[in-house]
Structures are given as structure tokens and as C-alpha cells.
Amino acid sequence: MTTSITTLLQALRIVPEKKSQQKPSLKTLNERRTSLPEISLDAVAQHDDYSDCWVVIYDRVYDVTTFLQDHPGGADVIMDYAGRDATLAFHGTGHSRDAIEQMRDYLIGELPEKERIFRTANSQVIKSGIPE
């Protein structure tokens, strides 16, 4: 169980890349990681409908509007968490590594440090493998 949690969290270290055939270098990924804009929970809450849907997973903000209709579990599963933190629901459903990697395409920002739960220096919540 611990191994699968660690694997899931380590996969979330990957930042978004535009759909292309060439994989970015580690340097490029690190540059993107540091350049993610901060988006507050209040701002995320404004994006809570089918035409504009954002969710937070492990303190990162994803615009999943274009993915809703393609989600294997249906759009309503995501819409239950539109504009909110969906970490526990996402983690609890046991997504595949491919699904986790696909999240890169929808990553648009991260929560400000004061609003983070999973990626903080003082957090005791599943510390191992959480994205920096």
C-alpha cells in the first residue's frame, strides 16, 4: 500500500507539457515547476461548472474543463469537486500511472504556500514523495 501511494505522489512531480512527441529535459521540467503561478482557493472556487472547471489535487491547480467529457468515470465524478480540492477522491480511486501522467496537460498553477496542505515544510501528511 505504501509503495503505491509513494508511486502516485512521485508521479505528480511531473509538470505540464504541451502535447508533443519530444519529452522535455529535467532542466526544462524544473524551470516549469518554479514558474507555476499561484492560484488561491478563492480563485479556484470561481471555476465550478461544466464550461469552466478547475480542481485542486495535491496543492496543484488543474483546469479540467476540456477533459470532463473524456473522463472514463464520467463528468459528474469530477463535477462533484469542481472549484474545490479533489485530492482525497483522486487518491482514493487508484488512478493508473498513465492517468497521473495525463494530468500534466491540465496543470495551470499551484496553491499559495499558506493554503497548501500536502506540500508544506511542516506537513506530516504523507511527506514521502510529495512534489516540492
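## A covered strand in a predicted model

Strand E2, which spans residues 52-57, is mostly covered, since five of its six residues are buried. The model that shows this is a predicted one, and the description below follows E2 outward, to the strands that flank it in the pairing and then to the pocket that it helps to line.

## Pairing around E2

On one side of the pairing, strand E1 (residues 48-49) runs antiparallel to E2, and two bridges join them. Asp 48 stands opposite Cys 53 in E2, and the hairpin that links E1 to E2 passes through two residues.

The pairing of E2 with strand E3 (residues 60-63) is also antiparallel and extends over four bridges, with Trp 54 placed opposite Asp 63 in E3. Here too the connection is a hairpin with two residues between the strands, and Tyr 58, which lies in the turn, has a positive phi of about 50°.

## The largest pocket

The largest pocket in the model has a volume of about 390 Å³. It is lined by 19 residues, of which Ile 57, His 71, Ile 78, Phe 90 and His 95 are the closest to its centre. The elements that contribute two or more residues to this lining are strand E2, helix H4 (75-79), helix H5 (87-92) and helix H6 (97-102), and E2, the strand with five of six residues buried, is thus named beside three helices.

In chemical character, the lining of the largest pocket divides into 15 nonpolar residues and four polar ones, while no charged residue takes part.

## The chain as a whole

The protein chain contains six helices and four strands, and from the N terminus on these elements follow the order α-α-α-β-β-β-α-α-α-β. In that order, three helices precede a run of three strands, after which come three further helices and a closing strand.

Of the 132 residues in the protein chain, 40% are buried. Among the contacts in the chain with a separation of 6 or more, 70% are between residues that lie 24 or more positions apart. The surface that the chain exposes comes to about 7900 Å², and carbon and sulfur atoms supply 52% of that area.

Definitions and conventions. Residues numbered from 1 in each chain as written. Predicted model: local features only at pLDDT ≥ 70, side-chain atom pairs only at ≥ 80, totals over all residues. Heavy atoms only, no water. Buried < 20%, exposed > 50% of the residue type's maximum accessible area, 1.4 Å probe, protein only. Contact = heavy atoms within 4.5 Å. Areas by Shrake-Rupley, 256 points an atom, 1.4 Å probe, with all protein chains shown as cover. Pairing = 2+ DSSP bridges. 1 Å grid on protein atoms, 1.4 Å probe; cavity = no way out; pocket = protein on both sides within 12 Å on 5 of 7 lines; lining within 4 Å. Points joined across faces, edges and corners; volume = space filled by probe spheres on them. Nonpolar A, V, L, I, M, F, W, Y, C, P; charged D, E, K, R; others polar.
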